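The following questions and answers ask how each descriptive term is justified. Each answer sets a computed value against its definition.

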Amino acid sequence: MGEMSLGAAVACLGAAVWLLGGWNSGARRAELLLAGGGSVGAGPPDWWQMVRELRRLRGRLRAEWWAPVIGLVLAVLGSSVLPVVAGAAGVPVLRRVRLAREARRARERRGDAVIALCGALAGEVRAGRQPGEALLRAAWDSGALGEAQAAVLAAARFGGDVTGALSSAARQPGAEGLSGLAACWRVAVDQGAGLAAGLDRLEGALRAERDQRADLRAQLSGARSTVVMLAGLPALGLLLGAAMGAEPLRVLLHTGAGIGCLAVGGVLEGLGMWWALRIVRGAEAT
């Protein structure tokens, strides 16, 4: 316990010195000397600089790395290494959750970009430009095409297979609407139909689908909040037990019955969250 507390204290002291000094402390000291600002290290600390450094540190730390930090704190409070092990085991799980959330946001952004591309392309065609030139102008600064942008623009510039390039680009997550754009392009080229009218209908359909997903997600937000609240109840119980002087950490981490309850409770907590989120995701997918 003494060695663990000493290690934690040294780590906290090192972090405090690093934050107070900052990454650019040497440059600031040189500026003080050159500007005649007095002796180095004198004067009150720059609190705004400290706040900025803390915010920068928080931005650099991914969400999953807070798990071992919390585990270390609980290990010091409970005089056990089990929270550290649990925090380290939670890092890959939280990383997977974060990556899934980032992938979902990327899909949504690309879907919005596809809708904007359809609207911009319809406007360029109505302005009197040829479809290839209109696609070059509309898609140049658009993020809808993603990694396939070079292939699509090359096909549009040199008279290649634009339909095939758009169909290939539609395989990217969130860019499924490009398959509709490819169909409109094929009909307009083969049968001479109006490309702008087809793009307007496609844009309207994609907007309606996006609004439907957003409405469904808003309706399911209550269920997600309930899942999060239920998941936090064990932590609230530990806080209440500690406030009442029951020493729940000592019971859970230093007794056989407590360790058994902790293991069973953790498994049931994980299964409950997985099952509840599975129900919510199933409803959203349907």
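**Helix pairs, exposure and cysteines**

Q: Which residues in helix 5 and helix 6 meet?
A: L117, A120, L121, E124 and V125 in helix 5 meet P131, A134, L135, R137, A138 and A139 in helix 6, where contact means heavy atoms within 4.5 Å. By class, this contact of helix 5 with helix 6 has nine nonpolar, no polar and two charged residues. In that classification, Ala, Val, Leu, Ile, Met, Phe, Trp, Tyr, Cys and Pro are nonpolar, Asp, Glu, Lys and Arg are charged, and the others, Gly among them, are polar. The model is predicted, so local features need pLDDT of at least 70 and side-chain atom pairs count only at pLDDT 80 or more, while totals for chains, interfaces and linings use all residues. Residues are numbered from 1 along each chain as its sequence is written, and side-chain values use heavy atoms, with hydrogens and water left out.

Q: Why is helix 5 called oblique to helix 6?
A: The axes of helix 5 (residues 82–126) and helix 6 (residues 131–139) cross at roughly 135° and come within 9 Å. Axes are lines fitted to C-alpha atoms, for helices over the stretch in contact, with angles from 0 to 180 degrees between N-to-C directions. Angles under 35 degrees count as roughly parallel, over 145 as roughly antiparallel, 65 to 115 as roughly perpendicular and the rest as oblique. The crossing angle of roughly 135° therefore makes helix 5 oblique to helix 6.

Q: What is the handedness of the crossing in which helix 5 passes helix 6?
A: The crossing is right-handed. A crossing is right-handed if the near helix is turned clockwise from the far one by less than a right angle, and left-handed if anticlockwise.

Q: What makes helix 4 roughly antiparallel to helix 5?
A: Their axes cross at roughly 170° and come within 7 Å. Set against the angle classes, that value makes helix 4 roughly antiparallel to helix 5. In this pair, A67, P68, G71, L72, L74 and A75 in helix 4 meet P83, V84, G87, V91 and L94 in helix 5. The residues of this contact divide into nine nonpolar, two polar and no charged.

Q: How many helices and strands does the protein have?
A: The protein has twelve helices and zero strands. Helices (H or I, at least four residues) and strands (E, at least two) are DSSP runs, numbered from the N terminus.

Q: Why is R98 called buried?
A: R98 lies in helix 5 and has a relative accessible area of 12%. Buried means under 20% relative accessible area, exposed over 50%, and partly exposed in between (1.4 Å probe, protein chains only); R98 is therefore buried. Not counting residues up to four places away in sequence, R98 touches R62, A63 and E64. R98 and A63 are 35 residues apart in sequence and 7.5 Å apart in space, C-alpha to C-alpha.

Q: Is T163 in helix 8 buried or exposed, and how do you know?
A: T163 has 12% relative accessibility and therefore counts as buried. Leaving aside neighbours within four places in sequence, T163 is in contact with A182, W185 and R186.

Q: Why is G159 called exposed?
A: G159 has a relative accessible area of 67%, so G159 is exposed. G159 is placed in the loop between helix 7 (149–158) and helix 8. The C-alpha atoms of G159 and G132 are separated by 7.7 Å, with these positions 27 residues apart along the chain.

Q: What is notable about phi of S79 and E247?
A: Most residues other than glycine have a negative phi. S79, in the loop between helix 4 (66–78) and helix 5, has a positive phi of about 55°. E247, in the loop between helix 10 (195–243) and helix 11 (248–254), has a positive phi near 55°. S79 is partly exposed at 32% relative accessible area, and E247 counts as partly exposed at 44%.

Q: How do you know that the count of disulfides is zero?
A: A disulfide is a pair of cysteine sulfur atoms within 2.5 Å. The sulfur of C118 is 7.5 Å from the closest cysteine sulfur, in C184, which is too far for a bond. By this rule the count is zero. C118 counts as buried at 0% relative accessibility, and C184 is buried at 18%.
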